[in-house]
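This report covers charge pairing and contact surfaces. Have the model open while reading.

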Amino acid sequence: MDKSIRKTPYLFLSPFLLLFVLTILIPIIISLFFSFMSIQGDSITFVGLANFKALFRDPMFLQSYLNVLIIMVGTIPFIILLAIFFAVLLNNPTIKGQGFFKTVYYLPTVTSLVAVASVFMTFYNPMGIINSFLHLFGAGPVPWLSDPFWGRIAMFIVIIWQGVGYYTILFLGGLQGVDKEIYESADIDGASAWVKFFHITVPLLKPVILLSTVLATINGLNTFEIPNIMYSNTYGPGSIALTVGVNLYKTSFEMIDFGKASAIAWSMVLVSAILSFIQFKVGKKDETK
Amino acid sequence: MKKKGFLGLTIAALVLVLGGCGKKEASDKSSSSNFSTAARVKNADLKVYAPKGKNTDWLNGVVDRYNKKYDTKINLKTTDVAPTAITQKLTPLLVGHEVLPDISFIQDSDITGILKKFPKSFENLTSNGMENQIGKLIYSTKTSSLKATAPNHDLFGVPQDLGMVTMFYRHDIFEKAGIDAAKIKDWDELIAAGKIIKRKTGKSLLALDANGETSLVTIIMQQQNVPLIDKKGNVNMTGTATKNAIKIVDKLKKSGTVSYYSSDKDRYPMFQDSAVIIEGTWLAGNMTVNYPKQSGLWRMRTIVGYSADDQGKNPVNGGSSWYVGANSKNKTAALQLLKFAITDKASQADLLARGSAAATKSTYDSKAGKAEYPFFGNQKIFDVIKQAGNNAIVVYQYPYASDANNYLKMAVYDYWKKGDLNAQLKKNSEQLAQKYNVKVN
């Protein structure tokens, strides 16, 4: 093969590689290096595993993981199910104005989280729109932001509302890749809509479901803005707003402890990797059945 | 060989790009110790990180006066940085040894963390002689607080405002209830007044945080001369002062005279609808902008005494200062300007006129300090701030101060929900101690 032809792919890849190395790889390596260091201005001292040990001495570190686990359990299934539901609806060729609906569903994803959280906080006000609506039906005011249970529900609602659109577009892409003839054959065999959904759509969407679950898990682990804004940089009632991201932020920018903050970041990388590995293993097992 | 060539090319590109990224602006290499003897800088564009608003408007006014007086051409190039975002904005520059802005506006609660990790990041005003020139003008509580947790206990910031806590009250509501708010001596009397107000006007006395009231708890602790964090960095969370403060908040709760807010979003609307707000003096300036319909209805006084026998210290909450980057491009010009800002009577008077509680003592005796404010029923509000400033507590701002407040908040919330104050304070204080390796009293 011509030498120049063999070099061409590398040439095309090089801008991406360069950006990847500069903006992702180097910071990752630096943060790994920092996680074993104590940083005081210009002086950087090797402290071994001290930063990681310090994390486990702090009971709130484990609490932060428990909180994100609860957030993931409370949001990811709803996000995935709603996204599939909306994707199936949007994939129906008889529905008019698909472009409009796609935009509407996707809009929350590109809306500033600060704006989203602020608007929802107005809704969650003790005398806000939601409690006023509940009052019409004789229901008492819900302590949306001052009770651990309702505080979590309040966060779940914002996270689900904000996240569904992105996954809807992913599922829609998956659905549009499904060969229409499969559905036509099923129609000839007299399959109902439910049968088609559970026996054709869901199995064919499995790779997208797996990818979406992994992405949603990683996003869930990184939850920061919504609890931080809703509870104004405090930990909220029953410390529900203390997520790993909030802990990382406070360690970085209040304590300015980059060593410990890097250790927290690497614990997140590790947990993300383990959860993704489990999800891919489970997904693969299902495929082989 | 080909692979090596490609790798070499990539590395070379990387070095070039990284070299470009790391390119630094030239910094002012002059020694900071001779800023006052140095010739006045005639032309400079000063890079400023500050939240746009009354403080930057004031600084622009200072520049106008400065340029007029010294026939200079100093300009401000201001980047709008929210007070809560300043650390995020500065730390990447500090870590990367980048040139800092000439002037940064930093809250007193945030500076300790920066100076602890980067002690040479900002101009040391003690070693460059500026403290000698301006120190006597400033309330000692402000300088003591700034110096207590700074490297070598030196002064690094040019104080902007005092964070005195005062009591704002609705004159019309108290009048309707037949109570003279100015005569209320202590918390018990205030609570008794609150009950009458509730009965006669339906208004709440105060608004508390439903997620654990700590603002009032720390204020009442300070009245007892016990700040949340002491000079040595120990956290006062399980002691008598904390428990006494929580007991007073309990009394307020049980009196049925308080309302509750559950987020910062509904905090100030709830405050606005209450008869009393206990907050930093900074609120005075904000109230005139945010509560225009209530003009003439509010008054200010020093906070009610801790008890009938013991008036207590005046609490402190907030406050900010200006900092000059030690490696900044125009640090001499910045230092000269800030020295002018704090020593120029017209500039300090202008600060008061904008509703900020200036840190300089003599300003309160000037004409501006005696001004009457229509929003406060033509009250001379700076008399109140001066009185508060003369009896203020010294607070210590350690980097974990904000988190210590969070742990106290959790303890108060847990106590409200589960009872057993001692156990909740002990549990949360132990967790704080484990996290930061600090002693908890």
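A salt bridge here is a side-chain nitrogen of Lys or Arg within 4 Å of a carboxyl oxygen of Asp or Glu. The model is predicted. Over all chains, the rule gives 20 salt bridges.

**Between the chains**

How many salt bridges does the rule find across the interface of chain B and chain A? It finds one. Asp58(A) pairs with Lys435(B), and their closest N and O atoms are 4.0 Å apart. The pair belongs to a network of salt bridges that links Asp58(A), Asp403(B) and Lys435(B).

The interface itself involves 38 residues of chain B in contact with 43 residues of chain A. The area buried between the two chains is about 3,600 Å². Carbon and sulfur atoms give 63% of that area. Polar contacts are also present: seven residue pairs, both partners at pLDDT 80 or more. Several helices of chain B each supply at least two residues to the side that touches chain A, among them helix H1 (2–21), helix H16 (401–418) and helix H17 (421–436). By class, that side of chain B divides into 15 nonpolar, 14 polar and nine charged residues.

**Salt bridges within chain B**

Side chains of opposite charge can pair when their charged atoms come close. Three pairs in chain B are listed below, with the N to O distance for each.

| Pair | Closest N to O |
|---|---|
| Lys183(B) and Asp180(B) | 4.0 Å |
| Asp264(B) and Arg267(B) | 3.9 Å |
| Arg267(B) and Glu279(B) | 3.3 Å |

Take Lys183(B) and Asp180(B) to begin with. Is Lys183(B) buried or exposed? Lys183(B) is exposed, at 61% relative accessible area. Its partner Asp180(B) is partly exposed, at 40%.

Arg267(B) takes part in two of the tabulated pairs. Its bridge to Asp264(B) stays inside one helix: both residues lie in helix H11 (residues 264–272) of chain B. They are three residues apart, about one turn of the helix. Asp264(B) is partly exposed, with a relative accessible area of 40%. Arg267(B) is buried, at 15%.

The bridge from Arg267(B) to Glu279(B) links distant parts of the chain. Arg267(B) sits in helix H11, while Glu279(B) sits in strand S8 (residues 276–280) of chain B. The two are 12 residues apart. Both Arg267(B) and Glu279(B) are buried.

**Domains of chain A**

Chain A is divided into domain 1 (1–34) and domain 2 (49–288). Their C-alpha centres lie 31 Å apart. Four residues from domain 1 and five residues from domain 2 make the contact. The area buried between these domains is about 380 Å², and carbon and sulfur atoms give 66% of it.

Which three residues of domain 1 supply more of its buried area than any other three? They are Ser31(A), Leu32(A) and Phe34(A), which supply 88% of the area that domain 1 buries against domain 2. The rule finds zero salt bridges across this domain interface. One residue pair is in polar contact there, both at pLDDT 80 or more. The side of domain 1 that touches domain 2 has three nonpolar, one polar and no charged residues.

**A loop residue of chain A**

Asp189(A) lies in the loop between helix H8 (180–188) and helix H9 (193–221) of chain A. Asp189(A) is exposed, with a relative accessible area of 67%. Asp189(A) and Leu170(A) are 19 residues apart in sequence, and their C-alpha atoms are 29 Å apart in space.

Definitions and conventions: Residues numbered from 1 in each chain as written. Chains lettered and ligands numbered in written order. Predicted model: local features only at pLDDT ≥ 70, side-chain atom pairs only at ≥ 80, totals over all residues. Heavy atoms only, no water. Domains from an automatic or database assignment. Contact = heavy atoms within 4.5 Å. Buried area = accessible area lost by both parts, 1.4 Å probe. Polar contact = N/O pair within 3.5 Å; in protein donor to acceptor, adjacent residues only side chain to side chain. Nonpolar A, V, L, I, M, F, W, Y, C, P; charged D, E, K, R; others polar. Buried < 20%, exposed > 50% of the residue type's maximum accessible area, 1.4 Å probe, protein only. Helix = DSSP H or I, 4+ residues; strand = E, 2+ residues; numbered from the N terminus.
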